[in-house]
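Hi everyone, thanks for coming. I'd like to walk you through a structure today, so please pull it up and follow along with me.

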Amino acid sequence: PAKPSQRKEKAPPEVPALITDKERGAYYEKGRFLGKGGFAHCYELTNRATREVVAGKVVPKTMLVKQYQRDKMTQEVQIHRELSHKNIVKLFHFFEDSLNVYITLELCARRSLMELHKRRKAVTEPEARYFTHQVVEGVLYLHDLKIIHRDMKLGNLFLNDDLVVKIGDFGLATTVDGDERKKTLCGTPNYIAPEVLNKMGHSFEVDIWAVGCILYILLFGQPPFESKSLEETYSRIRHNNYTIPSVASQPAAALIRKMLDPEPTRRPTAKQVHRDIFFKSGFMPTRLPVSCLTMVPKFA
Ligand SMILES: COc1cc(C(=O)NC2CCN(C)CC2)ccc1Nc1cc2c(cn1)c(C)nn2-c1cc(Cl)cc(CCC(N)=O)c1
């Protein structure tokens with residue numbers, strides 16, 4: 001068997017205590033480990049000069065030996081670095097040293113909607129409106145720029161100290177030229193749309209499908225097509241086999257049904273979702289207390 005040092009995806013990167021961005025003459029002190037995803041490990045990095053704390057994604061160059069791996073990372077950064085919106089994680093810098101490639105990103109100190117979901121399960125409808133509305137504003141910004149995220153999921157919806165939602169991880173994102181339908185997707189989105197499974201070509205509508213899954217989980221505490229096995233989940237997606245609990249409000253049920261329409265062209269655009277009656281059909285908080293991370297809020 002391969003020696004541990006040769007085992008590819010498991011070896012954590014060798015990360016120097018002081019990380020140097022030679023081109024900019026910037027130095028970062030490595031802080032605590034925040035988590036890992038794909039080939040990347042993420043740490044809190046403190047800029048030595050400004051004392052600003054950022055999220056630093058570190059990818060060992062040993063993971064980027066094949067050209068397609070380098071190309072994928074280059075595309076992720078090329079797309080992400082151009083973005084500037086309150087509901088999109090900011091990408092600050094991208095640099096390398098002899099061992100690793102580094103990406104510095106906006107630190108979201110309250111982690112992501114995944115951790116909130118694990119702790120709270122279903123949240124109140126005002127909270128679901130609050131979070132989903134911000135996700136839709138971020139998706140609207142991306143779609144206006146002809147960018148499809150393609151991997152919208154709770155773990156990629158980061159939360160800062162004010163519980164503002166920030167869409168991150170553009171590892172599966174792509175740009176659309178004209179009316180083309182994308183034929184390939186290298187990776188496995190979490191809330192995968194039927195047209196991707198059926199390889200019928202896909203476009204912006206896959207992000208709307210994912211937002212439908214996200215709203216469903218926030219309101220009902222579990223994914224709409226959740227099953228014991230991936231095959232069973234895929235079968236339920238192909239058959240559009242899900243139910244909306246009777247506790248759902250009519251506007252919530254109607255919006256979810258539209259976003260989870262098996263026919264992509266019948267799904268609402270991000271603009272139409274943004275204007276949907278669901279966001280006006282009840283209280284929409286302008287901000288949330290951090291206590292929402294752990295307990296049901298008492299709205300005055
Ligand atoms: C202070 O900010 C954070 C703290 C934590 C945290 O407390 N993680 C603990 C660390 C200790 N272990 C035992 C439990 C998780 C996690 C994430 C934080 N912030 C944070 C993390 C961030 C970002 C912004 N902000 C961005 C952008 N990309 N990533 C990013 C990148 C990777 Cl490769 C992996 C993960 C972990 C998955 C997750 N959803 O937590 C995140």
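I'll talk about the packing inside, then the pockets and the cavity, and then the charged pairs.

One thing before we start: this is a predicted model. Please keep that in mind as I go.

Let's begin with the inside. The largest nonpolar core has 67 residues, and the members that touch the most others are Phe 131, Met 152 and Ile 256. The biggest contribution to this core comes from helix α5, residues 205-220, which supplies 13 residues. If you click on Ile 256, you can see part of that packing for yourself. Setting aside neighbours within four places in sequence, Ile 256 contacts Leu 215, Tyr 216, Leu 219 and Phe 220, and also Tyr 242 and Ile 244. Apart from this core there is another one, made of 14 residues, including Ala 40, Val 77, Ile 103 and Cys 108.

While we're on the inside, take a look at Gln 134. It sits in helix α3, residues 125-144. Is Gln 134 buried or exposed? Its relative accessible area is 11%, and anything under 20% counts as buried, so Gln 134 is buried. Which residues does Gln 134 touch, not counting those up to four places away in sequence? They are Asn 87, Leu 163, Val 164 and Val 165.

Now for the empty spaces. Here's the general idea: rolling a probe the size of a water molecule over the atoms shows where empty space is left.

The largest pocket has a volume of about 1500 Å³. It is lined by 46 residues, and those closest to its centre are Lys 36, Gly 37, Gly 38, Lys 57 and Asp 169. Which elements give two or more residues to that lining? Among the strands we have β2 (26-37), β3 (40-47), β4 (53-60) and β6 (100-105), and the helices are α1 (67-81) and α2 (113-120). By class, this lining divides into 21 nonpolar, 13 polar and twelve charged residues.

The second largest pocket holds about 340 Å³ of space. Its lining has 22 residues, with Asn 190, Tyr 191, Pro 223, Glu 226 and Thr 233 closest to the centre. Here the elements that give two or more residues are α2, α5 and α6 (230-238). Of these, α6 gives the most, with four residues. The lining is made up of 14 nonpolar, five polar and three charged residues.

There is also one cavity of 30 Å³ or more. The volume of the largest cavity is about 80 Å³. Thirteen residues line it, and closest to its centre are Arg 150, Asp 151, Pro 189, Tyr 191 and Val 206. Helix α5 gives the largest share of that lining, three residues. In terms of class, the cavity lining has nine nonpolar residues, one polar and three charged. You may recognise Tyr 191, which I just mentioned for the second largest pocket.

Last topic: charged pairs. Side chains of opposite charge can pair when their charged atoms come close. How many salt bridges does the structure hold? There are 18, and I'll show you a few.

Start with Arg 32 and Glu 44, where the closest N and O atoms are 3.5 Å apart. Arg 32 lies in strand β2 and Glu 44 in strand β3, so this salt bridge ties together parts that are twelve residues apart in sequence. Arg 32 has a relative accessibility of 56%, so it counts as exposed.

Next, Glu 180 pairs with Lys 182, with the closest N and O atoms 3.1 Å apart. Glu 180 is partly exposed at 28% relative accessible area, whereas Lys 182 is buried at 15%.

My third example is Lys 258 with Asp 276, where the closest N and O atoms are 3.1 Å apart. Lys 258 is in helix α7, residues 250-259, and Asp 276 is in the segment after α8 (270-274), so the pair links parts that are 18 residues apart in sequence. Lys 258 is partly exposed, at 38% relative accessible area, and Asp 276 counts as buried, at 8% relative accessibility.

And finally, Glu 29, Arg 48 and Arg 51 are joined into one network by salt bridges that share partners.

That's my tour. Thanks for listening, and I'm happy to go back to any part of it.

Notes
Residues numbered from 1 in each chain as written. Predicted model: local features only at pLDDT ≥ 70, side-chain atom pairs only at ≥ 80, totals over all residues. Heavy atoms only, no water. Core = buried A, V, L, I, M, F, W, Y, C linked by side-chain atoms within 4.5 Å. Buried < 20%, exposed > 50% of the residue type's maximum accessible area, 1.4 Å probe, protein only. Contact = heavy atoms within 4.5 Å. 1 Å grid on protein atoms, 1.4 Å probe; cavity = no way out; pocket = protein on both sides within 12 Å on 5 of 7 lines; lining within 4 Å. Points joined across faces, edges and corners; volume = space filled by probe spheres on them. Nonpolar A, V, L, I, M, F, W, Y, C, P; charged D, E, K, R; others polar. Salt bridge = Lys/Arg side-chain N within 4 Å of Asp/Glu carboxyl O.
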